[in-house]
Amino acid sequence: PPPLPQPSVPPQNDLCKEKGRLPPPPPPPRAPPQLAASELMHELAKIADSPDEEQFVDDGSESKLGDESDHSFVSSEEDVTLPRRASLASLSLETVQEEDEEQACMETQPVDKHDSVAKDEVSKKDVNELITDKSSVKEELKWKNILDKVSPLIRTGPLFMQDKVKHDIRKGLPDSMRRRTWVVLTGVDRLMSERKGVYQEMLRQANSISQTSGLTPNGKHTNRTVLNQIDKDTDRTSLKHSSSKRTFSRRELRRVLRAYSQIDSDVGYCQGMNYIVATFLSFVSEEEAFWLLVVVMNEEPYNLRDLFSEDMSGTHEILYIAEKLMKQFFPKLSKHLEREGVRSSMFVTQWLMTLYTSSFPLDFVSRVWDSFLVEGWKVVYRTMLGLIKHAEGTLLHLSFEHILHYLSSFPGKVDGQTIMQECLKIGLKTKHIQKHTENWQRCSGTCSQGPSSPKKICHLDSATLSTCSTSTRGL
């Protein structure tokens with residue numbers, strides 16, 4: 001029987017139009033299946049082993065399909081393209097394997113989820129460095145302006161200028177400006193210009209001294225003993241200021257000390273001066289360090305010469321004042337140290353005699369000297385009180401042996417900026433120091449004037465420097 005007619009089914013688009021719906025989007029084209037490397041290798045091997053199809057051979061005439069009687073057909077055994085197919089198969093396999101390895105490497109490579117955060121941190125660091133550089137340049141310009149104004153008025157400057165320098169230097173002095181600041185505020189630049197050649201002359205005088213020379217003109221020191229002691233202490237001086245911007249050698253340190261021993265034979269040389277000069281050489285030149293030593297030893301408001309005199313009158317005075325200030329500002333700690341048998345002179349002698357240069361970090365020492373060259377000995381006592389305040393909480397819980405052990409390692413742990421900020425919070429007044437100075441003079445039964453009180457400085461031996469010792473610095 002004839003086949004039954006099939007019912008006609010309207011297209012899907014027509015049904016969608018009748019129902020008021022949009023037709024569904026056509027399905028996306030299906031991507032051809034990708035074979036794995038092993039499968040592709042297997043397929044290529046099958047192609048290489050299978051018999052070749054018919055080929056057209058160019059025999060110089062019109063190409064035609066070969067048959068059994070026509071030798072233009074080449075069998076699989078004589079196929080010259082088989083090696084080419086095999087090489088093509090191996091090349092394709094290598095290409096696929098390389099692509100698989102690259103894909104695997106990309107999939108296994110870790111993705112830094114914090115890459116954008118790291119970039120943000122780097123950018124913030126760059127911005128902070130830029131801000132720091134700008135602030136440093138601004139500070140340098142400020143100090144250049146200050147020094148330009150102070151330099152011609154170093155002895156007769158108005159009080160408001162002196163106060164400005166004092167308060168600005170407490171905030172911190174840029175390392176790049178420290179050399180010029182020290183030289184200008186102490187008048188070293190003027191001394192060098194007015195007394196050219198004096199340093200070289202003192203060096204020649206020290207070098208010309210024979211090993212068998214006798215006494216100096218005043219008969220107090222033998223030159224040989226002084227120079228030998230300088231050589232010994234120079235070799236033992238730890239040049240721990242390697243972090244400074246200016247490096248110096250022991251030869252420079254030795255030359256400065258030998259030159260000063262010739263210009264001031266009453267003092268000659270005393271242990272502790274080597275650390276002070278080493279600090280100077282960390283920032284200024286050799287000759288500048290020599291003249292800076294001349295100033296701080298012999299002029300107001302420094303007067304370090306009394307610390308290193310034969311009778312050490314200045315040393316006894318500053319230790320007396322230091323003990324009284326400790327009892328005044330730290331009575332509880334003072335009583336604890338007395339019970340444990342610890343006197344303040346056991347640890348503050350080295351601090352005060354070398355003005356903290358022998359054992360404290362350079363950043364701390366430089367900030368102390370920044371203010372000392374402006375304010376004088378009040379800075380030294382205020383710094384001592386700040387250090388004791390910083391260590392008070394620990395010392396109150398220690399016994400005799402542990403107190404000495406703690407104080408021996410304490411200088412290396414000091415943060416300069418923190419200590420200097422704490423020092424300014426201590427209510428030390430000039431009248432406190434003056435009161436203890438007067439008490440010391442009454443108790444000692446002398447009218448000698450120590451480092452804390454104004455006085456006229458002794459003349460130096462060299463006639464060319466006689467006027468240098470009587471001037472008084474405005475700052």
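A residue counts as buried when its relative accessible area is under 20%. In this predicted model, T357 has a relative accessible area of 1%, so T357 is buried. T357 is found in the loop between helix 15 (345-353) and helix 16. From this loop, the T357 side chain reaches back to the backbone oxygen of T354, at 2.6 Å.

The model as a whole is helical in its assigned elements, with 20 helices and 0 strands. The chain has 475 residues, and 41% of them are buried. Contacts between residues at least 6 apart in sequence were also examined; 74% of these join residues at least 24 apart.

Confidence varies along the chain. The mean pLDDT is 74, and 59% of the residues reach 70 or more. Residues 52-93 have pLDDT below 50, and this stretch has 27 contacts in the model beyond near neighbours in sequence. Residues 452-475 also stay under 50. For residues 452-475 the model has 72 contacts beyond four places in sequence. Where pLDDT is low, predicted coordinates should not be read in detail.

Helix 16 follows the loop that holds T357. Helix 16 spans residues 362-375, 14 residues in total. From first C-alpha to last, helix 16 reaches 20 Å, close to the 20 Å expected at 1.5 Å a residue. Of its 14 residues, 13 are buried, so helix 16 is largely enclosed by the rest of the structure. Just after helix 16, G376 takes a positive phi of about 90°.

Two packing partners of helix 16 were analysed. Helix 17 (residues 377-395) packs against helix 16 at an angle of about 145°, and the two axes are 7 Å apart. On the helix 16 side, the contact is made by F364, V368, S371, F372 and E375. Helix 17 contributes W377, V379, V380, R382, T383 and L387. By class, this contact has 7 nonpolar, 2 polar and 2 charged residues.

Helix 19 (residues 416-424) is the other partner considered. Helix 19 and helix 16 pack at an angle of about 35°, with their axes 8 Å apart. D363, F364, R367 and V368 of helix 16 meet G416, Q417, I419 and M420 of helix 19. These residues divide into 4 nonpolar, 2 polar and 2 charged. F364 and V368 of helix 16 thus take part in the contact with helix 17 and in the contact with helix 19. In an α-helix there are 3.6 residues a turn, so residues three or four places apart point the same way.

Two further buried positions lie in other helices. V183 belongs to helix 6 (residues 175-185). V183 has a relative accessible area of 8%, so V183 is buried. Leaving aside neighbours within four places in sequence, V183 is in contact with V188, D189, V284 and E288. V183 and A289 are 106 residues apart in sequence, yet their C-alpha atoms are 9.1 Å apart in space.

T234 lies in helix 9 (residues 223-236). T234 has a relative accessible area of 0%, so T234 too is buried. Not counting residues up to four places away in sequence, T234 touches R250, L253, R254 and L257.

Technical notes
Residues numbered from 1 in each chain as written. Predicted model: local features only at pLDDT ≥ 70, side-chain atom pairs only at ≥ 80, totals over all residues. Heavy atoms only, no water. Helix = DSSP H or I, 4+ residues; strand = E, 2+ residues; numbered from the N terminus. Expected span 1.5 Å × (residues − 1). Buried < 20%, exposed > 50% of the residue type's maximum accessible area, 1.4 Å probe, protein only. Polar contact = N/O pair within 3.5 Å; in protein donor to acceptor, adjacent residues only side chain to side chain. Axes fitted to C-alpha atoms, helices over the stretch in contact; angles between N-to-C directions. Contact = heavy atoms within 4.5 Å. Nonpolar A, V, L, I, M, F, W, Y, C, P; charged D, E, K, R; others polar. pLDDT = per-residue confidence, 0-100.
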